[in-house]
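Trainee: I should like to be taken through this structure step by step. Where should we begin?

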Amino acid sequence: MLDPKLIRNDIDNVARRLKVKRFDLDVAAISQLEEKRKSHQVETEALQSERNSKSKSIGQAKAQGQDIAPLLAEVASLGDRLETSKSTLGVIQKELNDLLLAVPNVPAEDVPAGDNEADNHEVLVWGDLPTFDYKPLDHVEIAADGAALNFDLAAKIAGTRFMTLRGDLAAMHRALIQFMLDVHINEHNYEEVYVPYLVNRESLMGTGQLPKFEADLFKINDARELYLIPTAEVPVTNIVRNEIIKDEDMPLKFVCHSPCFRSEAGSYGKDTKGMIRQHQFEKVELVQMVRPEASQQAHEELTQHAENILQKLQLPYRKVILCGGDLGFAAAKTYDLEVWLPGQDKYREISSCSNYRDFQSRRMQARWRNPGTDKPELLHTLNGSALAVGRTLVAILENYQQADGTVRVPLALQPYMQGKQELSF
RNA sequence: GGAGAGGUGGCCGAGUGGCCGAAGGCGCUCCCCUGCUAAGGGAGUAUGGGUUUAAAGCUCAUCGAGGGUUCGAAUCCCUCCCUCUCCGCCA
C-alpha cells in the first residue's frame, strides 16, 4: 500500500509515476472520496468526543447522587447521529481502502519505461554458452523418456502440471536444495527458517497477493480459509507483521526452502510441456528486512547472492532489470535472473529479486525503532529466489547434457551426491 | 475429537459497568545521592489514526479478533481465533 499521506498531498505525482507501471490511478475518484472521508471523519470524531464527555459527566452526576435524567435527555439524540455518521464514514473508508489496496507500488526512479518482458534492460551477461556438436535436447527429451522424470504418472496421481522424479534425478533435486541453503547460511549469513505452507488471508494481504490475485492461489476448501503458499515470501515476510524490530536486530536475513503452489490461472497454453511451469515446485527463498536507507544496497547484495548460486553451478545467465510494465504489483524494483536453456535456445527466468521498500511493510505494519527518532518507522522488505529449484534442475540437465544421453553433475553439487559425477537415464 | 482454565502495556500482574490507556512490580532511559561494588531517592517509558506540512496542542481508536447491550464496556452477552492442563488419537 502506498502512503495515504502521499496520495493525499501529491496525488498527481503518484499518478505520473504509476504510469511507468502502466497503471491508471483514478485521481478523481480518490480525491473525491478523500474529501468526503475527511469531513465525515472530523464530524464523527467530534460527535464521539461529545458523547465521551457527556457520558463522563453522567457518571460524575450519578456518583454525587444527582438526578441524571436531564443529562440523559441531552444525550438522547446524540447516539443516533453518531451511529449514522459512523456508518457513513465506515462505508467511505472501506471504499477508499479497497481502492488503495488495489494500487500497485510506485516504481523506483531508475526503473526503465516499457510495456512488457521485451522492454526489460539487460544489466549483465555471465558465463559462456555451452556448445554442442548435435542439436541440444530439452530437459523433457533428456529425462522424461525413462522413469526419472514422469508427467503422465503425476497426471494420474494429481493432474496436469505436476511431475514425479525418481532415483538420481530426485536426489539431485534434493541436493540442489541442500547446496543452496548451505551457501546462503554459511557464505551469505542468512538464518534458516521453517514456516507454515498454509497461510491465512491477512498474511497474503500483507505481502500483496490479496486482494488482487486470488485466482493465482490454491485455497483450502474448509472453514479456516487457508491458502497454499505461492512462495515462501508470504510466510517469511509476515514474520514481522505487526512487529517493531529493535535496531540492533536489523537487518533480518532469512533463507527458507519451501514448496510453492500456484494455480497459474490464465497460463494455460504457456510452457505446457516440461517442468518450467508447475502447480507445485520447490524454491529456496531469501528474505530481508532492512533499514529504509539500506534497502537499495541490500537489493544489490541479495541479487548477487542469487547470482552466486548460478555461478557456483557454472550456469550461464543474464541479469535484467524489469521495465515498468513487467514489474510486479508490490515491487518498486526487480532484477530477474535468466538462465540459459540450450534446449529452448533462450534465457528463462530462474530468479526474481525485488525491493518492495515500505509497500509490504505498510500493509503489514512491520516497523523498526529508529534510534535517531526513537519512533517506530516502516522498515523495507526484499526477497528473491535463490533459486527456483525445478528450473535449476532443468538448467543443469540442458547445459550439462552429453552426446551419449548422460548428464554431468556440476562440480559444486558432487559433494551433495556422494561424489557422483554423471547421471544416466 | 472430549473435558476444563485462560488471553490486559517490553515482561509479570491487578482491575468485574463511569474517577481506567489502564494500579503495583520488574525491566529500560534520564537525573540525584553514594569514594569501588551493592543499595537508595526522583522523573519518564504503548501503538495506530485524524486535525492542510512539521512540532506543540486538541482529538479518535486500541485490554486476542469481530459483533451486540448501554448515555458509558478491559469489565456484561454472542461468535470466532489462540494458549495452557487432562483424556483420546497420532508422525
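Mentor: We begin with a definition: a polar contact is a pair of N or O atoms within 3.5 Å. Please keep in mind that this is a predicted model.

Trainee: How far does a polar side-chain atom of Gln 41 lie from a sugar or linking oxygen of RNA strand B?

Mentor: A polar contact requires N or O atoms within 3.5 Å. The pair formed by a polar side-chain atom of Gln 41 and a sugar or linking oxygen of RNA strand B meets that limit, with a distance of 3.1 Å.

Trainee: Which residue has a polar side-chain atom 2.8 Å from a base nitrogen of RNA strand B?

Mentor: Bases take part in the contacts as well as the backbone: 75% of the atoms of RNA strand B within 4 Å of the protein belong to sugar or phosphate, and the rest to bases. One base oxygen lies 3.1 Å from an N or O atom in the side chain of Lys 62. The base nitrogen in question lies 2.8 Å from a side-chain atom of Glu 45.

Trainee: Which element supplies the largest share of the surface near RNA strand B?

Mentor: There are 21 residues around the strand, and Arg 8, Arg 37, Glu 45, Ser 55 and Arg 367 come nearest. By class, this surface has 5 nonpolar, 7 polar and 9 charged residues. At least two residues each come from α1, α3, α4 and β13 (367–370). The largest share, 12 residues, comes from α3.

Trainee: What is the volume of the second largest pocket?

Mentor: This pocket is lined by 13 residues, and Pro 4, Arg 8, Glu 34, Leu 96 and Leu 100 lie nearest its centre. Two or more lining residues come from each of α1 (4–9), α3 (27–63) and α4 (69–101). In the lining, 7 residues are nonpolar, 3 polar and 3 charged. The volume of the pocket is about 250 Å³.

Trainee: Why is Cys 256 not bonded to the closest cysteine sulfur?

Mentor: A disulfide needs two cysteine sulfur atoms within 2.5 Å. The closest cysteine sulfur to that of Cys 256 belongs to Cys 260 and is too far for a bond, at 8.9 Å. Cys 353 is also in no disulfide, with the sulfur of Cys 260 as the nearest, 14 Å away. For the structure, the number of disulfides is 0.

Trainee: Is Thr 381 buried or exposed?

Mentor: Thr 381 is found in strand β15 (residues 380–388). Its side chain makes a polar contact of 2.7 Å with the side chain of Gln 360. Buried means under 20% relative accessible area. At 0%, Thr 381 therefore counts as buried.

Trainee: Which residue does a cis peptide bond join to Met 250?

Mentor: The residue lies in the loop between β7 (244–245) and β8 (252–261). Omega of this bond is about -5°. A cis peptide bond also joins Ala 386 and Leu 387, with omega about 5°. The partner of Met 250 is Pro 251.

Trainee: Is Gln 418 buried or exposed?

Mentor: Gln 418 has a positive phi, near 55°, and its place is in the loop between β16 (407–408) and β17 (422–423). Arg 161 also has a positive phi, near 65°, but counts as buried at 10% relative accessibility. The cut-off for exposed is over 50%. With a relative accessible area of 77%, Gln 418 is exposed.

Definitions and conventions: Residues are numbered from 1 along each chain as its sequence is written. Chains are lettered from A and ligands numbered from 1 in the order in which they are written. This is a predicted model: local features need pLDDT of at least 70, side-chain atom pairs count only at pLDDT 80 or more; totals for chains, interfaces and linings use all residues. Side-chain values use heavy atoms; hydrogens and water are left out. On a 1 Å grid over the protein atoms alone, a cavity is a set of points where a 1.4 Å probe fits but cannot get out, and a pocket is an open set with protein on both sides within 12 Å along at least five of seven lines; lining residues have an atom within 4 Å of a point. Grid points are joined across faces, edges and corners, and a volume is the space filled by probe spheres set on the points. Helices (H or I, at least four residues) and strands (E, at least two) are DSSP runs, numbered from the N terminus. Ala, Val, Leu, Ile, Met, Phe, Trp, Tyr, Cys and Pro count as nonpolar, Asp, Glu, Lys and Arg as charged, and the others, Gly among them, as polar. A residue is near a molecule or strand if one of its heavy atoms lies within 4 Å of it. A polar contact is a pair of N or O atoms within 3.5 Å; within protein, one must be able to donate a hydrogen and the other to accept it, and residues adjacent in sequence count only if both atoms are side-chain atoms. Buried means under 20% relative accessible area, exposed over 50%, partly exposed in between (1.4 Å probe, protein chains only).
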